[in-house]
Amino acid sequence: MEAIDEYSIRAEANDGRGHVLDLGAFVGELSVEDDEASDDVSLEGLEQELQDCKTDDVVAMILSKGTKLRDYTKDVENNLRQIELDSIEDYIKESDNLVSLHDQIHDCDTILSQMEKLLSGFQVEIGSISSDIKILQEKSLDMGLKLKNRKAAESKLAKFVEDIIVPPRMIDIIVDGEVNEEYMRTLEILSKKLKFVEVDATVKTSKALNDVQPELEKLRQKAVSKVFDFIVQKLNALRKPKTNVQILQQSVLLKYKYVILFLKDHGKEVYLDVRAAYIDTMNKVLSTKIRAYIQALEKLQLDIATSSDLIGVDTRSTSLFLRGREPLKNRSAVFALGERINILKEIDESALIPHIAEASSKKYPYEVLFRSLHKLLMDTAASEYLFCDEFFGEQSMFYDIFAGPFSVIDEHLNTILPNCFDAIGLMLMIRIIYQHQVNISLWPRFKMVFDLHLNSLRNANVRTLWEDDVHPHYVMRRYAEFTASLIQLNVDYGDGQLDLNLERLRMAVDDLLVKLAKLFQKPKLQTVFLINNYDMTIAVLKEAVPEGGKIQMHFEELLKSNTGIYVEELLVEHFSDLIKFVKTRASEDPISGSERSITVSEVEPIIKDFASRWKAAIELMHNDVITSFSNFLCGMEILRAALTQLLLYYTRLSDCMKRIAGGSALNKDLVSISSIMYEIRKYSRTF
């Protein structure tokens with residue numbers, strides 16, 4: 001107590017300094033020794049509690065006011081007692097309400113007790129209902145499973161019955177019905193039933209199978225027999241004359257293609273019979289039609305070439321009586337391609353209709369008939385291939401069907417080709433089968449005919465072929481047209497084998513032409529003959545293939561070399577002294593002091609002779625060129641080359657004269673270069 005009083009005094013003393021609580025000092029002065037003897041009070045932990053209260057706001061506020069704890073405690077106790085008294089007084093005032101509340105609570109307890117009993121009864125009943133519901137639920141699940149199983153069984157049984165049962169209507173249609181669309185649908189149903197009986201394992205153990213299977217077998221046999229008769233009847237219709245096979249196939253047979261499928265599945269032997277019958281029928285029908293078409297085409301054939309129509313054969317040796325039936329206008333087609341090349345542009349046109357072409361009295365080269373035959377064959381083959389694939393579901397039978405038609409065509413070609421000597425036509429046919437991608441070997445026949453032409457040149461009788469005429473020879477024209485035709489047909493194909501053969505032919509015709517030229521007595525005529533033939537050959541080759549080729553270049557070189565020879569021969573004929581002097585003496589130096597120097601007397605006759613007749617000589621040269629060369633333009637080019645060469649010779653002569661001592665005395669007889677140039681230009685204007 002003394003410690004507390006001391007604390008109060010200190011607190012009052014510090015009141016003027018901010019009421020600072022020195023709880024540490026207060027706690028430090030506490031002593032528990034005074035109460036050591038007390039059995040009721042233990043001060044253990046007091047110091048810790050005081051430390052905890054150090055931060056308590058209420059304790060700090062009380063101590064800060066300087067109130068003694070004992071007094072504060074008494075005040076608190078008094079307050080509590082007063083509050084208690086007030087509470088008791090309030091309770092007494094509300095006593096009636098409390099009694100009423102107590103009675104109400106008691107009544108509620110009674111009611112709740114009754115409700116508890118009622119709910120307990122409900123709980124028992126609900127428990128009983130729950131067990132009943134579980135039982136019903138189990139029964140429901142069991143019934144649902146049974147229902148599901150029964151539905152599944154019903155579905156399978158219904159399908160089984162539907163698949164295995166043979167309706168009377170189906171029997172009536174199969175046995176007595178006509179083969180039509182309804183019959184096709186019934187066949188499909190029968191096919192499903194037959195497959196069901198054969199495949200389904202459950203059917204084999206079914207007693208119903210013993211009743212149904214014999215009936216199904218009878219229906220199968222009846223259906224197979226009936227559709228076989230039907231198909232055979234339709235196939236027989238194909239054999240009738242003037243029947244359009246493709247229309248019958250597309251509009252009739254394809255509608256019944258399920259019949260073939262049914263026979264494949266349920267009548268294999270009958271199917272094989274139908275297949276064999278169709279192959280035999282179409283083989284004969286197509287063979288007959290193609291043979292008839294070939295015979296009709298043969299009436300339209302225009303004969304172009306015979307075994308004597310060769311490049312090196314003399315046409316005069318062929319009897320006119322042998323040519324009586326052949327129009328002369330067709331002779332040009334033996335070696336020249338002409339409009340025959342149009343067949344390659346019309347390669348995909350429709351095949352010829354023989355009776356229409358025959359009505360117009362028109363004839364065609366064999367390659368036209370050949371293309372038409374191949375077009376018909378390809379169209380027929382394509383149509384038949386597609387039909388076999390769609391109707392029979394097979395492609396292999398196509399080859400059996402066309403064995404006959406192919407043999408007919410082979411027979412025809414074996415008859416035609418040995419008598420075909422038209423090399424141009426053979427090459428056209430080779431190009432046709434190349435574009436049609438048909439495997440027919442025509443090269444051996446073409447090579448044989450080509451070798452006939454080649455040997456006709458190699459073995460030609462030069463004396464028989466020779467004509468005393470410098471114009472282009474008919475053999476050379478044949479060669480030029482023949483070569484140009486083959487080159488033109490090889491432009492888009494680049495056939496090296498054909499190029500080699502043409503080179504062999506060119507070598508043979510070169511040799512023959514030189515032999516023919518040597519039969520002319522004068523060298524000048526020999527040269528003119530060669531130039532005319534070379535020029536004609538080049539013109540024909542250029543017309544066929546403007547860009548030229550090795551053969552054309554070869555003849556251009558020959559033309560160039562022979563033109564130079566002819567120019568020299570022409571100048572020597574009219575100015576022999578001038579040319580001889582220029583070639584032998586004009587290059588010498590007059591003042592070199594050689595043993596035989598050039599003198600005025602040696603040059604004067606030449607200059608005076610030239611001055612006196614140079615214009616007349618040029619006119620003679622002009623006339624000679626005009627009459628010698630068939631091609632006017634070629635002749636004028638040669639004349640210009642000759643005049644140009646003459647100008648060069650005369651210029652050299654003039655230069656030589658100027659170097660001779662005393663040569664100026666001849667200036668009065670010298671023809672001016674400008675005069676010669678004027679004359680040359682005058683002749684140049686003529687072309």
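Select helix α10 (residues 208–238) together with helix α13 (residues 268–298) in this predicted model, and look along their axes, which come within 10 Å of each other and cross at roughly 5 degrees. Because angles under 35 degrees count as roughly parallel, α10 and α13 are roughly parallel to each other. To see what fills the contact, show the side chains of Val224, Phe228, Ile231, Leu235 and Leu238 on α10, and then add Val270, Asp273, Val274, Ala277, Tyr278, Thr281, Met282 and Val285 on α13. Colouring these residues by class will divide the contact of α10 with α13 into 11 nonpolar, 1 polar and 1 charged.

Staying on helix α10, select Asp211 next. With a relative accessible area of 60%, Asp211 is exposed, since the cut-off for that class is over 50%. From Asp211, draw a distance to Ile165, which is 46 residues away along the chain, and the C-alpha atoms of the two will be found 9.8 Å apart.

Now move to the loop between α18 (403–416) and α19 (423–436), and select Asp422 there. Is Asp422 buried or exposed? Its relative accessibility is 7%, and Asp422 therefore counts as buried, the limit being under 20%. Display the side chain of Asp422 and the backbone of Gly425, where the backbone nitrogen of Gly425 lies 3.2 Å from a polar atom of that side chain. Finally, widen the selection around Asp422 to its contacts beyond the neighbours within four places in sequence, which are Ile304, Ala305, Val334, Arg340 and Glu367.

Methods:
Residues are numbered from 1 along each chain as its sequence is written. This is a predicted model: local features need pLDDT of at least 70, side-chain atom pairs count only at pLDDT 80 or more; totals for chains, interfaces and linings use all residues. Side-chain values use heavy atoms; hydrogens and water are left out. Axes are lines fitted to C-alpha atoms, for helices over the stretch in contact, and angles run from 0 to 180 degrees between N-to-C directions. Helices (H or I, at least four residues) and strands (E, at least two) are DSSP runs, numbered from the N terminus. Angles under 35 degrees count as roughly parallel, over 145 as roughly antiparallel, 65 to 115 as roughly perpendicular and the rest as oblique. Contact means heavy atoms within 4.5 Å. Ala, Val, Leu, Ile, Met, Phe, Trp, Tyr, Cys and Pro count as nonpolar, Asp, Glu, Lys and Arg as charged, and the others, Gly among them, as polar. Buried means under 20% relative accessible area, exposed over 50%, partly exposed in between (1.4 Å probe, protein chains only). A polar contact is a pair of N or O atoms within 3.5 Å; within protein, one must be able to donate a hydrogen and the other to accept it, and residues adjacent in sequence count only if both atoms are side-chain atoms.
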